[in-house]
Amino acid sequence: MSSSRRSPPTQRVIALLDHLTAHPAERFGLSELSRAVGISKPTCLGIVTTLTDLGWVTCDGPARTYGIGPALVAAGRLARHAVPGADAAERELAGLARRYRCACSASAVVGDEIVVLTSVRADGRAEGTLAGARYPFVPPVGLMYVLWDGDDAVERWLSRRPAVPVNLDRPHLRRIVTECRQRGYLVEGLTEVGARLHKLMAGVAAYDLPDEVRGLVGEMVSTLGERVYLEDELTPRGQHQTHLLAAPTYGSDGRQQLVLTMYVGQAITGAEIARRGRALTATAASVTETVGGRPPARKASA
């Protein structure tokens, strides 16, 4: 049997589940859900009725609205436990979040997607809304998930068909890779474009964006990695609009495993960025040690 064959009924079920897990705190009426997924109301009704009977979806009787069910939540927890370090990351990030009064998360590449495995609020308590969010692991999304994993991983990611058109400035990208590996963490600038792109891509299959939307986003994202701060752009006393900091954890094979993220969302000084970066990398090192991991023996980037 050819591996290229697809099952349209299965794809419809997965599309519906994908939509619900991308919006775990929301509920949808049948018409709204059928439009969002792109299937007819009768077909949608048949799917959600079956999934409700199985516990994958819940239905609010009076309102007839649908959301994720207990079986889906349980499956998500099992998936999280299947990724080494997720529980340790949540414990470690809780302290970091309280210290800096900021939200933090741990995410990883699972299959062809980036999945948020756990997130904590500024008070250190687990926060379930972001956990489970998924993003396509294709350019321009996902640089930090290969950045510390060797040049071969970077090239494999770059070879994937991009979700939106982007320009590839290899000298600039090589500098980002080199500096972030030396520094141990990545600093991403805060821009309106970046926030809009992040929101647009959340829960969307890599190639499900309409061509006109892909083109528009491609115009907004001119160069891969353009929002990453380079070392000479960060001055100790200067104020820098900062979206997030990210650092990797490693497995026992020395390969990048998780990405720990500290969300900033404001202008802070270069000195404060450095302090937070050291704290984040220390947290990542602790998670790495907990799972018996080790940093890779680093070679110069090609």
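Proline 84 is partly exposed, with 44% relative accessible area. The model is predicted. This briefing covers the setting of proline 84 and then a selection of salt bridges, of which the structure holds eleven.

**Proline 84**

- Proline 84 sits in the loop that runs between α4 (70-81) and α5 (86-100).
- Beyond its neighbours within four places in sequence, proline 84 makes contact with Gln257, Leu258 and Val291.
- The C-alpha atoms of proline 84 and valine 287 are 9.6 Å apart in space, while 203 residues separate the two in sequence.
- With a relative accessible area of 44%, proline 84 falls between the 20% limit for buried and the 50% limit for exposed, and therefore counts as partly exposed.

**A salt bridge between helices α6 and α7**

- Side chains of opposite charge can pair when their charged atoms come close.
- Glutamate 155 and arginine 170 form a salt bridge, with 2.9 Å between the closest N and O atoms.
- This pair links distant parts of the chain, since glutamate 155 belongs to helix α6 (residues 151-158) and arginine 170 to helix α7 (residues 170-183), 15 residues apart.
- Glutamate 155 is partly exposed at 37% relative accessible area.
- Arginine 170 is likewise partly exposed, at 36%.

**A salt bridge within helix α7**

- Arginine 175 is paired with glutamate 179 in a salt bridge whose closest N and O atoms are 2.9 Å apart.
- Both residues lie in helix α7, where four residues, about one turn of the helix, separate arginine 175 from glutamate 179.
- Arginine 175 has 34% relative accessibility and counts as partly exposed.
- Glutamate 179 has 13% relative accessibility, which is under the 20% limit, so glutamate 179 counts as buried.

**A salt bridge within helix α10, and a network**

- Glutamate 272 forms a salt bridge with arginine 276, and the closest N and O atoms of this pair are 2.9 Å apart.
- Helix α10 (residues 270-290) holds both glutamate 272 and arginine 276, which are four residues apart, about one turn of the helix.
- Glutamate 272 is buried, with a relative accessible area of 15%.
- Arginine 276 is buried as well, with a relative accessible area of 7%.
- Elsewhere, Arg175, Glu179 and Asp232 are joined into one network by salt bridges that share partners.

Conventions
Residues numbered from 1 in each chain as written. Predicted model: local features only at pLDDT ≥ 70, side-chain atom pairs only at ≥ 80, totals over all residues. Heavy atoms only, no water. Helix = DSSP H or I, 4+ residues; strand = E, 2+ residues; numbered from the N terminus. Buried < 20%, exposed > 50% of the residue type's maximum accessible area, 1.4 Å probe, protein only. Contact = heavy atoms within 4.5 Å. Salt bridge = Lys/Arg side-chain N within 4 Å of Asp/Glu carboxyl O.
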